[in-house]
Amino acid sequence: MKSLAELQAIRDKMKNAINVRESDGDKIRVVVGMATCGIAAGARPVLNSFTEEVAKRGLSNVSVSQTGCIGICQYEPVVEVFMPDGGKTTYVKMTAEKAVRVVNDHLVNGNVVSEYTIGSVAK
């Protein structure tokens, strides 16, 4: 760090990253299960992928956060998407690549990626 301006740029970058993870009532909430089973199954790259993709696209109406056990360990990594209208979609066996598609199709365009949902996997 060589100047105050450089320090401020770092602060602003980090504030934007933190804001992506904050929740608000009128936002779409993306919640990634980060209990031991989720982490062991690969939830950390999934969380990072959602956070990075939402920030890259500048989606101010989306918050990304983590939670503990969701209760369906055999389907980890699990991601729940809560819509402002109260709707919920549960995505299972997620990967970082699948997360990018969910951001594009579901969060941006409003189309649930049904082949990643619990209903399609549990059949």
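In this predicted model, the charged end of R29 lies over the ring of F82, at 4.4 Å from the ring centre. A second arrangement of this kind involves K98 and Y116: the charged end of K98 sits over the Y116 ring, 5.0 Å from its centre. Aromatic pairs, by contrast, number zero in the structure.

The largest nonpolar core comprises 22 residues, and F50, V79 and M94 have the most contacts inside it. Two or more residues are given to this core by each of β1, α3, β2, β3 and α4. The most are given by α3, which supplies five. For M94, contacts beyond four places in sequence are made with V46, F50, P77, V79, A99, V102 and Y116. M94 thus touches both F50 and V79, the residues listed with M94 as having the most contacts within the core. Y116, also touched by M94, is the residue whose ring lies under the charged end of K98.

Helix α4 covers residues 96–108. At 1.5 Å a residue, its 13 residues should span 18 Å, and the end C-alpha atoms are 17 Å apart, which agrees with that expectation. A kink of about 30° is nevertheless present in α4, centred on V102. V102 is itself buried, as are A99, V103, D105, H106 and L107 of the same helix. In an α-helix there are 3.6 residues a turn, so residues three or four places apart point the same way. The buried residues of α4 pack against four strands, β1 (28–33), β2 (62–67), β3 (79–82) and β4 (88–91), and against the helix α3 (43–57). Among these buried residues, A99 and V102 are contacts of M94. Just after α4, G110 adopts a positive phi of about 75°.

H106 lies in helix α4. The relative accessible area of H106 is 3%, and this residue is therefore classed as buried, the cut-off being under 20%. Leaving aside residues up to four places away in sequence, H106 touches V81, M83, T89, Y91, R101, N111 and V112. One of these contacts, V81, is 25 residues from H106 along the chain, and the C-alpha atoms of the two residues are separated by 9.1 Å.

Conventions:
Residues numbered from 1 in each chain as written. Predicted model: local features only at pLDDT ≥ 70, side-chain atom pairs only at ≥ 80, totals over all residues. Heavy atoms only, no water. Expected span 1.5 Å × (residues − 1). Bend = angle between axes of the 7 residues up to and from the residue. Buried < 20%, exposed > 50% of the residue type's maximum accessible area, 1.4 Å probe, protein only. Contact = heavy atoms within 4.5 Å. Core = buried A, V, L, I, M, F, W, Y, C linked by side-chain atoms within 4.5 Å. Phe/Tyr/Trp six-rings, centres within 6.5 Å; stacked < 30°, edge-to-face > 60°. Lys NZ or Arg CZ within 6 Å of the ring centre and 35° of its normal.
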